[in-house]
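Reader: I'd like a close look at a single part of this one rather than a full tour. Could you pick a spot, stay with it, and tell me how its surroundings fit together?

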Amino acid sequence: MSFGGFNDNQNSAPMADINVTPMVDVMLVLLVIFIITAPMFTHALKLDLPTAQSAPAPEKPETITLGIDAAGKLYWNDQPVSSEELDARLAAAAGKQPQPELQLRADKSTRYQTIAEVMSAAQGAGLSKLGFVTDPKTPAHVQEKKEN
């Protein structure tokens, strides 16, 4: 007893016809969706959009690099400067508008007292933007490759 029909002609060959009815149904549904949505792509609305006035972008302040080497010598934008001349330059920089940013670069073996004196002089001159510049730490495995 086999399933498949009440016909006594038992044909054991597989059915070779493709049923295209589901594919045609899907294509018709897609066609209807396209016909409905296509006019929406070409339809435009005339809108009176508001205009906005924005303030001009503020100009970036000048950056001053103040370097301190291991011996305590000072460098203003990579030019050697004495401590007396430093006070005059800090006062002149504090009077500028917009106020420049002072980036402090100190050698690893510089005494903290020297750094504190420079920071105090900058604050006393009226500079409020002070940043510290450091070298990024390299991972140990990269440092080993450099040594070899």
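Author: One cut-off before we start: a residue is called buried when its relative accessible area is under 20%, exposed when it is over 50%, and partly exposed in between. Keep in mind, too, that this is a predicted model. By that cut-off, Gly67 counts as buried because its relative accessibility is 13%. Let's start there and work outwards to the sheet and the helix that packs on it.

Gly67 sits in strand S1. Setting aside neighbours within four places in sequence, Gly67 is in contact with Lys73, Leu74, Tyr75 and Arg105. Its C-alpha is 5.7 Å from that of Ala106, although the two residues are 39 apart along the chain. Thr65 belongs to S1 as well, and at a relative accessible area of 17% Thr65 is also buried. Not counting residues up to four places away, Thr65 touches Tyr75, Trp76, Asn77, Gln103 and Arg105. So Tyr75 and Arg105 turn up in the contacts of Gly67 and again in those of Thr65.

Now for the sheet itself. Five strands make up an open sheet with mixed pairing, in the order S3-S2-S1-S4-S5. Its edges are S3 (79-81) and S5 (130-133), each of which pairs on one side only. On average, neighbouring strands are turned by 30 degrees against each other, ignoring direction.

Follow the sheet towards S3 and you meet S2 (residues 74-76), which runs antiparallel to S3 and is joined to it by three bridges. Tyr75, which we just met, stands opposite Pro80 in S3. The loop between S2 and S3 is worth a pause. Asn77 is in that loop, and it has a positive phi of about 50 degrees without being a glycine. Asp78 is in the loop too, and its phi is also positive, near 65 degrees, again in a residue other than glycine. Their accessibility gives them different labels: Asn77 is partly exposed at 31%, while Asp78 counts as exposed at 65%.

What packs on the sheet here? Helix H2 (residues 83-94) does, touching S1 (63-68), S2, S3 and S4 (101-106), with its direction at about 35 degrees to that of S2. H2 has 12 residues and spans 16 Å from first C-alpha to last, close to the 16 Å expected at 1.5 Å a residue. Its buried residues are Leu86, Leu90, Ala93 and Ala94. These lie on the same side of H2, because they cover an arc of only 95 degrees around the axis. An α-helix has 3.6 residues a turn, so residues three or four places apart point the same way. What the buried residues of H2 pack against is S1, S2, S3, S4 and helix H3. H3 (residues 112-125), for its part, lies across S1, S2, S4 and S5 and runs at about 170 degrees to S4.

H2 also has a salt bridge of its own: Arg89 pairs with Glu85, with the closest N and O atoms 3.0 Å apart. Both lie in H2, four residues apart, or about one turn of the helix. Neither partner is buried: Arg89 is partly exposed at 29%, and Glu85 is partly exposed at 36%.

A search of the whole structure finds two salt bridges, and the other one is just as relevant to this part. Glu62 pairs with Lys96, with their closest N and O atoms 3.0 Å apart. This pair links distant parts of the chain, 34 residues apart: Glu62 is in the loop between helix H1 (21-42) and S1, and Lys96 is in the loop between H2 and S4. Glu62 is partly exposed at 37%, as is Lys96 at 38%. The loop that holds Lys96 is also where you'll find Pro98. The peptide bond from Gln97 to Pro98 is cis, with omega near -5 degrees.

Stepping back, the chain has four helices and five strands, running α-β-β-β-α-β-α-β-α from the N terminus. Buried residues are 16% of its 148 residues. Among contacts with a separation of 6 or more, 64% are between residues 24 or more positions apart.

Technical notes:
Residues are numbered from 1 along each chain as its sequence is written. This is a predicted model: local features need pLDDT of at least 70, side-chain atom pairs count only at pLDDT 80 or more; totals for chains, interfaces and linings use all residues. Side-chain values use heavy atoms; hydrogens and water are left out. Two strands pair if DSSP finds at least two bridges between them. Helices (H or I, at least four residues) and strands (E, at least two) are DSSP runs, numbered from the N terminus. Axes are lines fitted to C-alpha atoms, for helices over the stretch in contact, and angles run from 0 to 180 degrees between N-to-C directions. Contact means heavy atoms within 4.5 Å. The expected span of a helix is 1.5 Å times one less than its number of residues. Buried means under 20% relative accessible area, exposed over 50%, partly exposed in between (1.4 Å probe, protein chains only). The arc is that of the directions from the helix axis to the C-beta atoms. A salt bridge is a side-chain nitrogen of Lys or Arg within 4 Å of a carboxyl oxygen of Asp or Glu.
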